[in-house]
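Open the structure in a viewer and keep the residue selection box at hand. The stops below can be followed in order.

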Amino acid sequence: MADAVADVRVSAVGRRAGARSMVRKKSFIAFLFALPLILIILCLVVYPAFYAMHLATLSKSMTKFVGFGNFEFLFKRNTFWMVVEQSVLFAVTAVIFKAVIGFIVAHFVHNIPLKGQRKWRGMLLIPWVIPPAMSTLAWLWLFDPSYSAFNWILAHIGVGQVPWTGNPYWARFCVILVNVWVGSPFFMIMYLAALKSVPEQLHEAAAIDGANWFQKIWYVNLPMMRNIIQITALFSLIVTFANFDIVKILTNGGPVDQTHVFATWAFTLGIWGNDLPLGASVSLFMFPILGAAAILILRNVRKRGNEA
Amino acid sequence: MTSASAPIDSRAAAPVRYGSIARGNRRALRWSYFFLVLFVIFFLMPPIYMLITSLKTSAEIGAVTNPWWVYNPTLENYTTLLSQKTFLTFFRNSAIVSVLVVSVTMVVSILAAFSLARMQFWGSAALATGVFLTYLIPDTLLFIPLFKIFAWVHDQTGIELINHWWVLIFLYPTLTVPFCTWIMIGYFSSIPKELDEAALIDGASYLQILLRVFIPVALPGIIAATIFAFTVSWANFLYPLAFTTSEDQLVLPVGIVTTLIKGDVYNWGQIMTGALLGAAPPLIIYAFLMDYYIAGLTAGATKG
């Protein structure tokens with residue numbers, strides 16, 4: 001009898017120890033599965049990001065520690081403040097236009113009969129699918145100073161020639177236009193998905209209460225889509241703020257550095273000018289805005305997770 | 001998946017309405033089509049202009065004629081470009097890099113996503129958030145420190161990383177892996193827990209659960225992530241521009257921009273042809289797998 005009790009106790013203890021070792025084994029396997037990801041993130045993202053901060057405190061030849069010397073040098077240069085201004089102007093204007101165009105086009109697509117929507121959506125997403133470097137070449141050719149196909153149309157409807165990328169103000173307009181062209185299909189797709197999740201009963205109830213189309217959009221669709229609108233805009237703000245391809249190919253920062261954004265100027269200083277520390281200092285200015293946007297996105301994503 | 005892939009539009013099945021509402025709807029529909037046509041013209045104009053220019057001879061491009069029309073269509077630009085050894089090298093480099101990056105990305109992110117979505121370990125929740133944050137760090141912030149790190153590796157080991165196309169195989173996963181892991185976590189989390197518990201009771205190992213249960217069930221998500229990884233690695237412009245310079249080491253986007261634009265002489269017919277050929281692979285994939293493409297796009301931001 002006593003033996004039997006002891007037996008039971010022993011086996012229970014054994015089972016508990018077995019369970020614990022199984023959990024340990026499980027978490028070890030889990031860690032092993034995630035190890036390649038951890039290595040990639042640590043070696044190729046986290047380490048370089050921190051190394052950039054160290055690099056920014058070195059002199060041009062990277063032999064001497066200069067503290068905030070690079071930043072002091074930047075703050076004294078007019079070009080730097082121009083780049084700050086243009087980066088902010090570029091990102092904010094482009095994101096606003098992308099969001100507005102995406103919102104409007106999503107509503108038009110949502111309005112038409114369901115069986116035609118796939119075709120229209122497919123055509124409207126094409127700018128997002130083409131590699132930006134390739135489509136910017138087409139824009140460069142459309143803006144060509146002597147053979148601009150836009151100027152040909154303008155001449156035929158009796159409007160004067162536009163200097164497109166030749167004039168600082170028009171060049172700023174051009175880089176924003178191309179960015180809006182590339183990015184608004186993404187907004188359209190996101191907003192269309194959000195629009196589909198707005199229950200039709202809400203529209204019917206609003207219609208019975210006598211709401212017109214504008215009131216339906218303003219008081220029904222907009223509040224229901226708020227979360228997606230915010231997340232998409234913040235995502236796009238990060239990508240637009242860090243944009244490189246479009247400015248690099250279309251204007252290369254010119255005329256007279258008027259269209260440089262942080263990324264292109266950092267490339268010009270760091271790789272072409274052979275001053276890696278200065279380039280790193282410039283690119284680090286992207287950090288604050290990226291961090292702020294990231295925190296906001298994370299909060300939104302979490303909130304969304306709780307709702308679901 | 002999001003509601004976009006399974007849309008239920010009650011208006012499509014709505015009963016016939018009479019009077020002014022029906023008339024109002026018809027008018028709204030006409031205006032919708034009108035504006036959609038305008039937007040499609042705006043969105044498709046550059047690629048169509050690429051095609052128009054690519055079919056022209058240099059003489060016609062330089063002539064003072066209607067730039068929006070081809071008077072003497074010719075495939076000359078395509079034949080010259082496709083018989084050029086350098087252009088084919090760009091294409092080969094791009095293809096090899098993209099295929100390898102996609103394979104590496106998918107293996108790494110599927111394993112990691114399975115581990116983060118189903119098998120917790122110490123710090124796994126923090127890591128999932130970390131993956132999302134790394135996705136937000138752009139390549140424009142990383143290329144300068146990486147440049148210096150590569151130089152340091154050369155000094156230490158004698159391995160030259162700069163100006164070799166294969167270095168891109170190590171660089172592109174920084175752009176693709178975080179996002180693919182992120183959306184795969186979303187897809188894996190949506191699989192019912194009962195499924196893997198049943199497999200576990202039947203004595204399956206974790207690798208078997210992943211291969212036999214999770215991958216088949218989450219196949220649409222895997223296709224979406226694969227398309228994303230391919231598009232990103234085909235289109236990236238900054239890394240190859242910063243890290244490769246010799247003509248035989250370039251990938252397609254950089255090759256077209258740097259070798260076809262020589263000084264002030266722009267051969268626009270060839271540039272547009274090259275750009276169109278460079279845009280073709282993502283466009284072809286998109287044409288055949290549009291629904292997966294869109295599902296991946298919307299999953300990235302809506303899965304939390």
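What follows is a tour of a predicted model, going through chain B and then chain A.

**Chain B as a whole**

Select chain B and show it as a cartoon. Its secondary structure consists of 15 helices and two strands. The chain has 304 residues, and 45% of these count as buried. Among contacts in chain B with a separation of 6 or more, 77% are between residues 24 or more positions apart.

**Helix H5 of chain B**

Next, select residues 124-135 of chain B, which form helix H5. With twelve residues at 1.5 Å each, H5(B) should span 16 Å, and the 17 Å between its end C-alpha atoms agrees with this. Which residues of H5(B) are buried? Colour B:Leu127, B:Val131, B:Phe132, B:Thr134 and B:Tyr135 to see them. They lie on the same side of H5(B), because the arc they cover around the axis is only 165 degrees. Now turn to the other side of H5(B), where B:Ala125, B:Ala126 and B:Thr129 are exposed.

Stay in helix H5 of chain B and pick B:Gly130. This glycine is partly exposed, since 18 other C-beta atoms lie within 10 Å. A distance label from B:Gly130 to B:Met45, C-alpha to C-alpha, should read 40 Å; the two are 85 residues apart in sequence.

**H4 against H8 in chain B**

Two packed helices are described by the angle between their axes and the distance between the axes. Select residues 85-118 and 173-189 of chain B, which are helices H4 and H8. Their axes are 8 Å apart and the helices pack at an angle of about 40 degrees. At that angle, H4(B) is oblique to H8(B). The crossing in which H4(B) passes H8(B) is right-handed.

Show side chains on both helices. Residues of H4(B) in this contact include B:Val101, B:Val104, B:Thr105, B:Val108 and B:Phe114. From H8(B), the residues they meet include B:Val177, B:Cys180, B:Met184, B:Ile185 and B:Phe188.

**A loop residue in chain B**

Move to the loop between helix H6 (139-157) and helix H7 (168-171) of chain B and pick B:Asn163. Most residues other than glycine have a negative phi. B:Asn163 instead has a positive phi, near 65 degrees. With 13 other C-beta atoms within 10 Å, B:Asn163 is partly exposed.

**H8 against H10 in chain A**

Switch to chain A and select residues 168-196 and 213-241, helices H8 and H10. The two axes cross at roughly 150 degrees and come within 10 Å. H8(A) is therefore roughly antiparallel to H10(A). H8(A) passes H10(A) in a right-handed crossing. On H8(A), A:Asn179, A:Gly183, A:Phe187, A:Met190, A:Tyr191, A:Ala194 and A:Leu195 take part in the contact. Their partners on H10(A) are A:Asn221, A:Met225, A:Ile228, A:Thr232, A:Ser236 and A:Thr240.

**The loop before H12 in chain A**

Select the loop between helix H11 (245-250) and helix H12 (262-272) of chain A, which holds A:Val261. Is A:Val261 buried or exposed? The residue is buried, as 27 other C-beta atoms lie within 10 Å. Leaving aside neighbours within four places in sequence, A:Val261 is in contact with A:Val83, A:Gln86, A:Ser87, A:Phe90, A:Asn243 and A:Val247. From A:Val261 to A:Arg24, 237 residues away along the chain, the C-alpha separation is 50 Å.

A:Asp257 is found in the loop between H11 and H12 too. Its phi is positive, near 60 degrees. A:Asp257 counts as partly exposed, with 19 C-beta neighbours inside 10 Å, because a residue needs 20 or more to be buried.

**H12 and H13 of chain A**

Finish with H12(A), which is mostly covered, eight of its eleven residues being buried. The buried residues include A:Phe262, A:Trp265, A:Phe267 and A:Leu269. Just after H12(A), pick A:Asn274, whose phi is positive at about 60 degrees.

Add residues 276-284 of chain A, helix H13. H12(A) and H13(A) pack at an angle of about 170 degrees, with axes 7 Å apart. The two helices are therefore roughly antiparallel to each other. In this contact, H12(A) contributes residues including A:Phe262, A:Trp265, A:Ala266 and A:Leu269, while H13(A) contributes residues including A:Leu276, A:Gly279, A:Ala280 and A:Val282.

Notes: Residues are numbered from 1 along each chain as its sequence is written. Chains are lettered from A and ligands numbered from 1 in the order in which they are written. This is a predicted model: local features need pLDDT of at least 70, side-chain atom pairs count only at pLDDT 80 or more; totals for chains, interfaces and linings use all residues. Helices (H or I, at least four residues) and strands (E, at least two) are DSSP runs, numbered from the N terminus. The expected span of a helix is 1.5 Å times one less than its number of residues. A residue is buried if 20 or more other C-beta atoms lie within 10 Å of its own, exposed if 12 or fewer, and partly exposed in between; C-beta atoms are placed from the backbone. The arc is that of the directions from the helix axis to the C-beta atoms. Axes are lines fitted to C-alpha atoms, for helices over the stretch in contact, and angles run from 0 to 180 degrees between N-to-C directions. Angles under 35 degrees count as roughly parallel, over 145 as roughly antiparallel, 65 to 115 as roughly perpendicular and the rest as oblique. A crossing is left-handed if the near helix is turned anticlockwise from the far one by less than a right angle, and right-handed if clockwise. Two residues are in contact if their C-beta atoms, placed from the backbone, lie within 7 Å.
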